[in-house]
Amino acid sequence: MYDTGTRIQTRIRRLFSVFMWAFIGLAIGLAYIVGWRGDYLATHVRNPRQIAIEKSIERGGIYAANGEALAGNRPFQKPHDVQRPHGDAARRDEGSARVYFGPTSLVHIVGYNHDRYGKTGVELAFNHQLLGLPRGFLRTPGLIPGLGFGSRQPQGVKQRGKPRGNDIILTIDPQLQAVAEAALGHRNGAVVVLDPATGAVLASASYPAFDANRLDVVWPDIIQDPSSPFINRATSGLYPPGSVFKIIVASAAIETGLIGPNDIFVCSGSIDVNGRKISCPGGRAHGRVNLASALALSCNVAFIQVARKIGGKTLSDFARRFGFNREIPFDLHVNESRFPAFRGEGSAGGSAGAGDGARDDENLLAEAAIGQGTVLATPLHMAMIASAIANRGVMMRPYVVSQVRRGGSGETLWRYVPARLARPVSVSTAAKVKDLLVAAVESGTGWRAGLDGMSVAGKTGTAQNPKGAPHAWFVGFAPAANPRVAISVIVENGGAGGSVAAPIARRVLDFALRREE
Amino acid sequence: MGFALLPVILGGTIVELVSRPEETRVPMGWALWPLYALSSFAAFYLGGGNKGRLEPVIFPVVVFLTGFGIIETYRLRPDLAWRQFAWAVIGLALLVLASILLGDYGDLQRYEYLWGVLSVALLALTIAFGKSVGGARAWLGFGRFSFEPSEFVKIFIIIFLAAYFSDAGTALMVPTRRLWWIRAPELAYVGPLILMCGLSFSLLILQKDLGAAFLFFGVFLAMLYVASGRPSYIIFGLLLLILGGVVSYHLFDHVRVRVDMWINPWSDVDGRGYQIVQALFALGSGGIFGSGLGLGHPSVIPAVETDFVFASLCEELGLAGGAAIILLYLVLTYRGFKIALGARDEFGSLLATGLASLLGIQALTIMGGVLKLVPLTGVTMPFLSYGGSSLISNFLATGLLSSVARQGRADA
Ligand SMILES: [Zn+2]
């Protein structure tokens, strides 16, 4: 039947219910946008509020450990004839630009803050602190699509007078940084210096770098530069560690007790792994060696035999204990170091007639024992490994931001408390490995890192890679008796670690330890 | 009344206090709020609000929304605040005048065709002599003064349709002959249907006023349903609406842009999608309780003081404030339909239905557009948006509703 019978009142009620549901739908739509999409929209890079809010705050400074300024604000005179263009207030450039002091190589730690090119480094990671805003405010877009609560705009931004953000104090020693930068010179690579007892980053240089004060000028060149000056090689560069990885193999051998100090290996200059010949550096035959002399001479043949005895599974377990295949918590992003996964039980003895899986594992293990193949590590991570040996087997969480202070008053708002990250080996193993590393510098490949009157512990590495000459490594710490600094040096395609990386480490260690004297 | 005005005075004072010294200040800006409060109270007593002559819910809600509209204008375009205040005073005066002079709204019914002719004439004048503002040729100007005739045509059309439908009476509801296989619509309904389609499409094509076209047709369908009780007409009407939409999408560039930017404004963030994306940023940045009045950055949205005032409100008052505004419009619509239910005759019912639908559809389409739930159309927020024509026309609608309400009760 037709609806002609309904009274006009009924129809009015029905019509209203249509309106009511439409209004309810509208309210749900609003709640969805604010609650579920709010974070994304509020922090979207195209949202002009971001810039407007930042412009309205006197950004905090970044300082070195000794109080030297590393980043500050350029004084800016506001023109008097500012006519507020309607609807364009937020997009107007207030002109306050950053100035960076200190060694150029700090650009990878301090970063930059630029209207057009965005933010990097501490300028990015501690942006909210530098602005004095709660952490949730300037979240990266779309990361947390959770229910946002409250306003995403700071209150009091439009107060008369600019509010000040907080100052950031770094652990960086600017003089040491300058020495590290100079020692590395114009060679692609990185130098990282840590305090092994706390995990503080004392210096971190990466080359090539660029001048953050001239970003407008250098930008077109650096984005096209094939050597990628943007990359912080200290934290993001993944390199095969080569013989430096033997520190971990030796630690595993000692900690598990599988290799004693008197166990002898015979080196004929090369070893056959499933038909592949792996040689010692220069094809030299080292003859009869024990663990200590194998490490000092960086004997590949002996270490492959050691690794076979330990087994892939155990070695892999130790690599993990030292931080491979794990996220390294740091104030800036750190790439994860990699250690290969073994398919089955490690090839303890190389059983004949094994399947492809076992054969692959054998190849992997032989390469991993000498830090080649698919083993990859960042220079920061290698410095942490040296620190762990130096610090009686305890690996500290690395950090570069030590304090946040209120802008103006200087009152400390937050102070970093050094924290233990892992304990990869026992105190006694760490002490034994330390002795091996001291020997490696005193009488082994690392002699060029040695300092007069002070014992240095360390290991060189000459990492083969598909991109040409091997990468030169040196990883170590000093003084051996009471380690104050740990260091990691890499020079990309630099050649032999002993002749290229060890002298760089020597120069940096020398400055770090003898300056006060 | 006091409850409606207190937040206005408070809000105005907050905006006054937080606005930055370097921002363009307007002379005597602080005087807006006491003067507005004074005007509202004057209107209340002159209009007989204390004697129950004014609708007890609608009037305070309207006073509140209008007051907030002045705050938003003051906050977004301080230079226009006094002008908006003046329009509000004129609107209040008209409300009072309508309440005093219009003894019986039934008088309107007598000049049934006058309203229809007036509407068509006004629109024809606009099309012939109108000037373009923002792409829509919807304004008639006399020297320095200009107004938007379609804002008034809305009211006239509603009066005309209410009179026409109630005249046609129940006789038209009797099923009549079949035309081929469908039940033929009675000629009484065909006439206005053709008229409204014609009006809507001429608005759309000649004035490029998508919002007004949709609004006219929507109000017409609402009134047609209440008058005829035939869902088949409504379905037919909705089909026509969809067909019209599809056809105009393909025929007219300005419609296509609106729809494309509704589907994906991010495809042209800096160009045609700029406005809607900026509105979404404002909504997202506001959070649940907003930045506080005067502390957000809504001025980055183009046309924020007219079509996008809702986005500004949500940024500074948050989800809570936005939901409160939605609730107020729902209350306004609800009271409108309640008046329609209690009207003394069919003309009154239809008149109130049309006016309530007018307020409701306007609020829904513009808020839905700002929230990107429907394509954006150039409709103003009743009472909140900056603009004299729209404010005065909505005050007229409120006056008429009040009148229907008063006589409904008196006769009951
Ligand atoms: Zn050898």
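Six residues make up the hairpin connection that leads from β18(A) to β19(A), and this is a good place to enter the structure, which is a predicted model. Strand β18 covers residues 468-478 of chain A and runs antiparallel to β19(A), with seven bridges between them. Within this pairing, A:V475 sits across from A:S488 of β19(A).

**A covered strand**

β19(A) has a second neighbour too. Strand β7, residues 189-194 of chain A, is joined to β19(A) by six bridges, again in the antiparallel sense. Here A:A190 faces A:I490 of β19(A) as its opposite residue.

How many of the residues in β19 (485-491) of chain A are buried? The count is seven of seven, so the strand is mostly covered, taking buried to be under 20% relative accessible area. Side chains in a regular strand alternate between the two faces of the sheet. In β19(A), one side carries A:V485, A:I487, A:V489 and A:V491, while the other carries A:A486, A:S488 and A:I490, and both sides are covered.

**Pairings around β14**

Another set of strands centres on β14(A), residues 401-406. Strand β6 (residues 166-170) of chain A lies antiparallel to β14(A) with five bridges, and A:I168 has A:V404 as its bridge partner there. β14(A) also pairs with β15 (residues 412-415) of chain A, antiparallel and over three bridges; in this pair A:Q403 is opposite A:R415. The hairpin between β14(A) and β15(A) has five residues between the strands, and A:G408 in it adopts a positive phi near 90 degrees.

The strand pairs can be set side by side:

| Strand pair | Bridges and direction |
|---|---|
| β7(A) and β19(A) | six bridges, antiparallel |
| β18(A) and β19(A) | seven bridges, antiparallel |
| β6(A) and β14(A) | five bridges, antiparallel |
| β14(A) and β15(A) | three bridges, antiparallel |

**The zinc site**

Now for the metal. Which protein atoms act as donors to the zinc ion? They are the SG atoms of A:C267, A:C280 and A:C299 together with ND1 of A:H286, at 2.0 to 2.3 Å from the ion. The angles subtended by these four donor atoms are 106 to 117 degrees, so the arrangement is tetrahedral. Along the sequence, the donor residues follow the spacing C-x12-C-x5-H-x12-C. Two of them link distant parts of the chain: A:H286 comes from the loop between β11 (276-279) and β12 (287-289), and A:C299, 13 residues apart from it, from the loop between α11 (291-297) and α12 (300-310).

Are these two residues buried or exposed? A:H286 is buried because its relative accessible area is 14%, and A:C299 is buried as well, at 0%.

Methods. Residues are numbered from 1 along each chain as its sequence is written. Chains are lettered from A and ligands numbered from 1 in the order in which they are written. This is a predicted model: local features need pLDDT of at least 70, side-chain atom pairs count only at pLDDT 80 or more; totals for chains, interfaces and linings use all residues. Side-chain values use heavy atoms; hydrogens and water are left out. Donors are N, O and S atoms within 2.8 Å of the metal (3.2 Å for Na, K and Ca); water is not among the atoms, so sites may look incomplete. Four donors count as tetrahedral if all angles lie between 85 and 135 degrees; four count as square planar and six as octahedral if opposite donors are over 155 degrees apart and all others between 65 and 115; anything else is irregular. Helices (H or I, at least four residues) and strands (E, at least two) are DSSP runs, numbered from the N terminus. Buried means under 20% relative accessible area, exposed over 50%, partly exposed in between (1.4 Å probe, protein chains only). Two strands pair if DSSP finds at least two bridges between them.
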